Amino acid sequence: MRRIANALGVRRSNPLPRPSGATRLVAAGDSKRPAQRDAFALAAACAPDAVLFVGDAAYAGTSDARRRRMLHAWRRDWGGLWDRLYAVAGNHDLDSPRGLELWREIVPARRPAPPYCDGLGFKLRVGPVLVLGLDTTSGLVDAMQRDWAAASLARSSAAHRVAVYHEPAFPLGLHRGHALDALPDERDRLWTTLEAGGVGMVLNGH
């Protein structure tokens, strides 16, 4: 990550120049130490208005104690960006007995959120950008979330629309058949909703 930062000319004390009135978002996901410390420092150097995290902050397996430690370390590594963080959970964030409880305890809940997804999704308007964070921890985006997304998109005047969720709709390689493509009819309903609502960018992890 230091090589990347140097290649981009980014220095922690000298953020990237921002045109007047511009909105800046940074996206990250599937993070692990020690690389995440440098990656998050690079994100901070960009001076974003918000950070979008697409899930898998803590690869803790079935250990709740390890998960708590990893999530607290993840929080510390965000530093001054923590208050600008909008995160959705990934499958590796919840795979211990108290995974969901720990996620909601440590990771800030952003509201409004999709129905029954408090702490796992969000709606963010920043400048001309609307961002919808959706919960895929059940392996799909259910009808209530789709309806919420459709209504949010229909009511918005945002020129740019972004969807954020963990499991990709059209994965290649390792996760093919083990993401939203495992339920293609549900996947296609989601994709139709996003396209009809003018979403121009989808950010995923996994």
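## Rings, sheets and a one-sided helix

Arg110 lies over the face of Tyr86, with 4.5 Å to the ring centre. Before going further, keep in mind that this is a predicted model. A second charge does a similar thing elsewhere: the charged end of Lys32 sits over the ring of Tyr59, at 4.4 Å from its centre.

**Rings that meet**

Let's stay with the rings for a bit. How many aromatic pairs does a search of the whole structure find? It turns up 8 aromatic pairs. One of them joins Phe53 and Trp74, and this pair is edge-to-face. Phe53 belongs to strand E2 (residues 50-53) and Trp74 to helix H3 (residues 64-78), so the pair ties together parts that are 21 residues apart in sequence.

Phe53 also pairs with Trp78, again in an edge-to-face way, because the planes of the two rings stand at 90° with their centres 6.2 Å apart. This pair links distant parts of the chain too: Phe53 is in strand E2 and Trp78 in helix H3, 25 residues apart.

Here are the two pairs side by side:

| Pair | Centre to centre | Angle between planes | Type |
|---|---|---|---|
| Phe53 and Trp74 | 5.0 Å | 65° | edge-to-face |
| Phe53 and Trp78 | 6.2 Å | 90° | edge-to-face |

Are these rings buried or exposed? Phe53 is buried, with a relative accessible area of 0%. Trp74 counts as buried as well, at 0% relative accessibility. Trp78 has a relative accessible area of 2%, and it is buried too. If you pull up the structure, look for the aromatic cluster that these residues belong to: Phe40, Phe53, Trp74, Trp78, Trp82 and Trp103 form one cluster.

**The three-stranded sheet**

Strand E2, where Phe53 sits, is part of an open sheet. This sheet has 3 strands in the order E1-E2-E3, and the pairing is parallel. Which strands stand at the edges? They are strand E1 (25-28) and strand E3 (85-87), each with a single partner strand, so one side of each is left without a neighbour in the sheet. From one strand to the next, the twist averages 20°.

To see the pairing up close, try E1 and E2, which pair in the parallel sense over 4 bridges. Ala27 stands opposite Leu52 in E2. What holds strands together in general? Strands of a sheet pair through backbone hydrogen bonds, either parallel or antiparallel.

**A helix with a buried side**

Now for helix H4 (residues 99-106), where Gly99, Leu102, Trp103 and Ile106 are buried. These residues cover an arc of only 100° around the axis, which puts them on the same side of H4. Why can residues that are not next to each other share a side? An α-helix has 3.6 residues a turn, so residues three or four places apart point the same way. And what do the buried residues of H4 pack against? They pack against H3 and E3. Trp103, one of these buried residues, is also a member of the aromatic cluster.

**The four-stranded sheet**

There is another open sheet, this one with 4 strands in the order E4-E5-E6-E7 and with mixed pairing. Strand E4 (122-126) and strand E7 (201-203) stand at the edges, each with a single partner strand, so one side of each has no neighbour in the sheet. Neighbouring strands here are turned by 20° against each other on average, direction ignored.

You can see the mixed pairing by walking across the sheet. E4 and E5 pair in the antiparallel sense over 5 bridges, and Lys123 has Leu132 in E5 as its bridge partner. The hairpin of E4 and E5 has 2 residues between the strands, and Gly127 takes a positive phi near 60° in it. Next, E5 and E6 run parallel and are joined by 5 bridges; here Val131 has Val162 in E6 as its bridge partner. Finally, 3 bridges join strand E6 (residues 160-164) to E7, and these two run parallel. In this last pair, Ala163 stands opposite Val202 in E7.

Helix H5 (residues 143-155) packs on this sheet and touches E4, strand E5 (129-133) and E6. Its direction makes about 175° with that of E5.

How many residues of E5 are buried? The count is 5 of its 5 residues. Both faces of E5 are covered: Val129, Val131 and Gly133 are buried on one side, and Leu130 and Leu132 are buried on the other.

Methods. Residues numbered from 1 in each chain as written. Predicted model: local features only at pLDDT ≥ 70, side-chain atom pairs only at ≥ 80, totals over all residues. Heavy atoms only, no water. Phe/Tyr/Trp six-rings, centres within 6.5 Å; stacked < 30°, edge-to-face > 60°. Buried < 20%, exposed > 50% of the residue type's maximum accessible area, 1.4 Å probe, protein only. Lys NZ or Arg CZ within 6 Å of the ring centre and 35° of its normal. Pairing = 2+ DSSP bridges. Axes fitted to C-alpha atoms, helices over the stretch in contact; angles between N-to-C directions. Arc of directions from axis to C-beta. Contact = heavy atoms within 4.5 Å.
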